[in-house]
Amino acid sequence: MCGIFGYTGQRTAAPILLEGLRTLEYRGYDSAGIFVPGHTPIKAVGPIDNLANKITGPISGTTGIAHTRWATHGSPTEANAHPHLDMSGTIAVAHNGIIENFRELKDGLVTQGIEFTSETDSEVLAKLIGTQYRGDLLKAVQAALSLVRGTYGIIVTSNHHPNEIVTARLGSPIVIGVAKDGNLISSDSSALLSYTKDVVYLEDGECAVVSKEAYEVFNLRGDKLSRKTEKIEIEASAVQKKGYEHFMLKEIMEIPEVIRDTVRGRLLADKGQVKLGGIESVMQDLLKKDRLVIVGCGSAYFAGQVGQLMLEEYAGVPVDVELGSEYRYKRNLADKNTAVLAVSQSGETADTLASVRAGKEKGLMTLGIVNAVGSTIARETDAGVYNHAGPEIAVASTKAFISQLVVLTLLTVALGREKEMTAEAGQKILRGLIELPDIIKEYLTDTSDIKKIAKKYAEYQNCMFIGRKYHAPIASEASLKLKEVTYTHSDAYAAGELKHGSIAMLDKNFPVIAIAPEDDVYEKMVSNIEEVKARQAPVLAITTAGETHLDTLVDNVLYVPKVHSVLQPIVSVIPFQLLSYYIGVEKGLNVDRPRNLAKSVTVE
Ligand code: M6R
């Protein structure tokens with residue numbers, strides 16, 4: 001949520017800043033701006049292209065900072081775009097996070113006669129740093145930060161220090177890239193990949209001075225810390241479209257490879273066992289816990305709901321699933337015999353992170369299923385499993401969601417085999433997992449049916465998804481995908497719930513999408529579909545290949561390959577990802593960057 005990018009080195013900064021912003025655009029695209037010392041900031045509302053179009057001539061200078069915004073305080077206007085200047089117009093700040101006490105700070109600054117040009121909380125930071133500046137930029141930043149409450153990842157530069165960037169973090173990610181011809185600062189390591197793989201992740205409460213040749217890390221008291229670089233493992237090509245029109249489609253097409261990468265080196269298929277190196281050290285303690293609480297937001301939450309059903313059915317582990325934004329309010333949080341499992345693609349989602357921290361404060365074991373290596377949740381949890389799905393750039397989660405389901409399946413087998421799962425049951429699941437990439441690859445070779453149905457469904461204003469058991473959360477995920485990518489109003493229900501109220505909504509203009517694979521709840525799903533048909537609602541059913549009845553009952557049917565029931569949601573969700581994608585394209589929408597959203601939600 002908001003992307004910040006800085007460069008100081010031997011090359012001209014402006015083009016590097018623009019390039020960095022393009023890679024970070026998925027973090028927010030309400031407005032963007034850059035500042036190069038000695039020049040006035042250049043800002044534009046909307047995507048980075050609007051900013052690029054405003055830069056008509058070369059901008060000299062080899063140091064600069066940049067920002068792409070997801071609006072929190074103040075509407076997406078040019079005045080509210082970052083970087084913001086202090087009152088002398090010489091110090092510039094780009095900020096990701098929220099300054100909670102900005103009103104009282106602003107009031108204090110206004111009474112000193114300081115004028116503001118934006119409605120943002122971030123401008124308060126810029127002005128505050130200005131009031132603290134006595135010739136040392138780091139000290140001014142430290143002094144200003146000691147006065148603020150809230151979260152921040154900031155980069156600061158100044159006309160007085162044209163070869164220096166000061167950065168600091170509390171709650172919002174900052175990573176420093178150490179390259180041959182200079183140093184970079186970013187909210188996300190993926191934006192550094194074209195320049196370097198050597199990075200330093202700042203921890204909360206740390207700040208750093210970055211110059212062309214060096215970086216120095218300090219705590220907020222000013223003590224110097226020794227921080228070595230780490231290597232990023234991903235390739236630069238992973239954040240490119242590779243010939244696809246959109247990242248979303250590319251990422252769906254990558255699903256077979258993602259599943260291979262997620263399970264690589266982790267399967268002992270013949271024994272029906274799984275090796276999850278990241279949680280080995282805590283496994284014995286974990287087995288002693290009475291229950292697991294899975295926390296997540298959005299798609300990660302729905303993955304957690306599928307995980308709950310798997311873990312309970314196959315591993316006999318009692319599981320609760322909580323929204324990251326709500327978990328901290330639970331009374332029973334303090335039950336020591338609970339382990340908290342955070343599911344997060346970015347590893348930076350503020351609400352999920354807050355749940356991890358709330359659990360830690362109560363002394364609970366915390367675990368993570370995280371895709372972004374080195375992210376805050378990955379580092380703050382006691383142990384965890386990486387998804388290895390590679391960077392996911394489209395705002396709507398597709399391949400990462402699938403990899404979350406795959407990791408949850410692995411965890412189910414790992415825990416199940418220690419508890420009540422037989423070797424044979426473990427073998428069946430793992431063999432199914434091994435076959436899955438080829439099955440899905442074959443399935444993805446022809447998506448024309450889904451494309452055709454997308455044209456029809458692009459006309460509807462509303463839609464209702466229904467499913468049971470594993471496919472009730474998949475209905476929720478499908479509905480979320482449709483909303484975020486196509487702006488169609490939609491809802492999801494566990495199919496049995498429909499008759500308790502929501503069925504009142506249905507008529508011939510209100511379609512229902514029913515997920516009805518031939519599994520142990522198939523017959524009940526068919527009854528629910530009958531109820532819907534009786535209300536004249538158009539029905540699209542998704543079922544498994546070989547099913548023969550539904551096409552006599554509903555308006556359209558899409559078939560997916562039939563796999564092991566615990567793996568079926570992994571396959572069944574794919575047509576919905578594609579359906580949303582094709583409807584979004586049909587409507588001419590920006591499917592990779594839907595309105596009002598950001599990929600990584602780092603505010604609570
Ligand atoms: O990075 P996380 O997995 O923690 O993100 C959680 C949600 O913000 C995310 O899944 C969101 O709902 C996606 N836009 C869904 O497509």
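User: How much space lies in the largest pocket?
Analyst: About 880 Å³. This is a predicted model, where local features need pLDDT of at least 70 and side-chain atom pairs count only at pLDDT 80 or more, while totals for chains, interfaces and linings use all residues. Residues are numbered from 1 along each chain as its sequence is written, and side-chain values use heavy atoms, with hydrogens and water left out.

User: Which residues are closest to the centre of the largest pocket?
Analyst: Ile 234, Asn 371, Ala 372, Gly 390 and Pro 391, out of 45 that line it. A pocket here is an open set of points on a 1 Å grid over the protein atoms alone, where a 1.4 Å probe fits, with protein on both sides within 12 Å along at least five of seven lines; lining residues have an atom within 4 Å of a point. The volume is the space filled by probe spheres set on the points, which are joined across faces, edges and corners.

User: Which elements give two or more residues to that lining?
Analyst: β15 (230-231) and α7 (255-263). α7 gives the most, with 3 residues. Helices (H or I, at least four residues) and strands (E, at least two) are DSSP runs numbered from the N terminus.

User: And which domains does the lining of the largest pocket draw on?
Analyst: At least three residues come from each of domain 1 (3-235) and domain 2 (247-443). The domain bounds come from an automatic or database domain assignment.

User: How do the residues of that lining divide?
Analyst: Into 15 nonpolar, 12 polar and 18 charged. Ala, Val, Leu, Ile, Met, Phe, Trp, Tyr, Cys and Pro count as nonpolar, Asp, Glu, Lys and Arg as charged, and the others, Gly among them, as polar.

User: What about the second largest pocket, what volume does it have?
Analyst: About 680 Å³. It is lined by 32 residues, and Gly 298, Glu 484, Ala 598, Lys 599 and Val 601 lie nearest its centre. By class, that lining has 13 nonpolar, 12 polar and 7 charged residues.

User: Where does the largest share of that lining come from?
Analyst: From α16, with 4 residues.

User: Switching to the ligand, which residues are closest?
Analyst: Ser 344, Gln 345, Ser 346, Thr 349 and Glu 484, among 15 that surround the ligand (a heavy atom within 4 Å).

User: What lies 2.7 Å from an oxygen atom of the ligand?
Analyst: An N or O atom in the side chain of Ser 346. A backbone N or O atom of Ser 397 lies 2.8 Å from a ligand oxygen, and a polar backbone atom of Ser 299 is 3.1 Å from one.

User: How much of the ligand does the protein bury?
Analyst: 91% of the 410 Å² that the ligand exposes when taken alone. Areas come from the Shrake-Rupley method with a 1.4 Å probe.

User: Last one: which peptide bond is cis?
Analyst: The one from His 82 to Pro 83, with omega near -5°. Pro 83 lies in the loop between β4 (63-69) and β5 (84-85).

Note on methods
A polar contact is a pair of N or O atoms within 3.5 Å; within protein, one must be able to donate a hydrogen and the other to accept it, and residues adjacent in sequence count only if both atoms are side-chain atoms.
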